[in-house]
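User: Could you walk me through the pockets and a hairpin of this structure?

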Amino acid sequence: MILGLDTATPATVVAVLPDEGEPVELRHEPSPGERPGHATQLLGLARRALDAVGADFDDVRRIGVGVGPGTFTGLRIGVATARALAQATGAEVAAVSTLEALAAAADTERAVLAVLDARRGEAYAAAFHDGERLLGPMAIAPDGLAALADPRHAPWLAVGDGAVRFRDRLEPAVEVPADASPLHGASALAVCRLAREADPVDRDALLPEYVRLPDAVPRR
């Protein structure tokens, strides 16, 4: 049984992929103006997801965690939670790119540009085709997003909250689904499926993939 967590975006997303039976995915989306609920929602969602498949934390053999890029605080909460659960249960841990999970969840043969809003006038982006990474992850100015869509791999699909925010910079070079499409949300179920195929990492080596320097750095 695999437990998947992703806290790279404002949403808190958890999924359970059992050895048999249907998977379960739960999420908490903060209301407009509300702060992300990663710290308060993550473990509760995980318990509810495990309850839904008749399991407990001790039944989890591998924990997949989205390591970003994304919000720095969210990533730290997700990684710390995965480490703590692994220490308590003995489960293996696997690091999964949040951008790769976004692309995998699109479930398409088309080339996919996964884009997250990085704030500070930037986007996080990575490109994938047939499960292979073509570019990234990187922090990039929105005006450069469309140029990442190499015409040799067209037609392109862009997913993620950054694709929604920067739709005007991506279209018409890249198709962006409707704003309300579930393809734009982080997928913990995709994290589970990618974690199933990934090599496990040492618990203490599990680290966020920040891509860029944090907003606040220690004064020298």
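Analyst: The pockets come before the hairpin here. This is a predicted model, in which local features need pLDDT of at least 70, side-chain atom pairs count only at pLDDT 80 or more, and totals for chains, interfaces and linings use all residues. Residues are numbered from 1 along each chain as its sequence is written, and side-chain values use heavy atoms, without hydrogens and water.

User: What volume does the largest pocket have?
Analyst: About 540 Å³. A pocket is an open set of points on a 1 Å grid where a 1.4 Å probe fits, with protein on both sides within 12 Å along at least five of seven lines; the volume is the space filled by probe spheres set on the points.

User: Which residues lie nearest its centre?
Analyst: Pro36, Thr71, Phe72, Thr73 and Gly74, out of 23 lining residues, meaning those with an atom within 4 Å of a point.

User: Which element supplies the largest share of that lining?
Analyst: Helix 2, with five residues. Helix 1 (38–52), helix 2 (72–89) and strand 6 (111–119) each give at least two; helices (H or I, at least four residues) and strands (E, at least two) are DSSP runs.

User: And the second largest pocket, how big is that?
Analyst: Its volume is about 260 Å³. Among its 13 lining residues, Glu29, Asp161, His184, Gly185 and Ala186 are closest to the centre.

User: Now the hairpin: how do strand 7 and strand 8 pair?
Analyst: Strand 7 (residues 122–129) and strand 8 (residues 132–140) are antiparallel over six bridges, where pairing needs at least two DSSP bridges. Phe128 has Arg133 of strand 8 as its bridge partner.

User: What phi does Asp130 take?
Analyst: A positive one, near 55°, in a hairpin with two residues between the strands.
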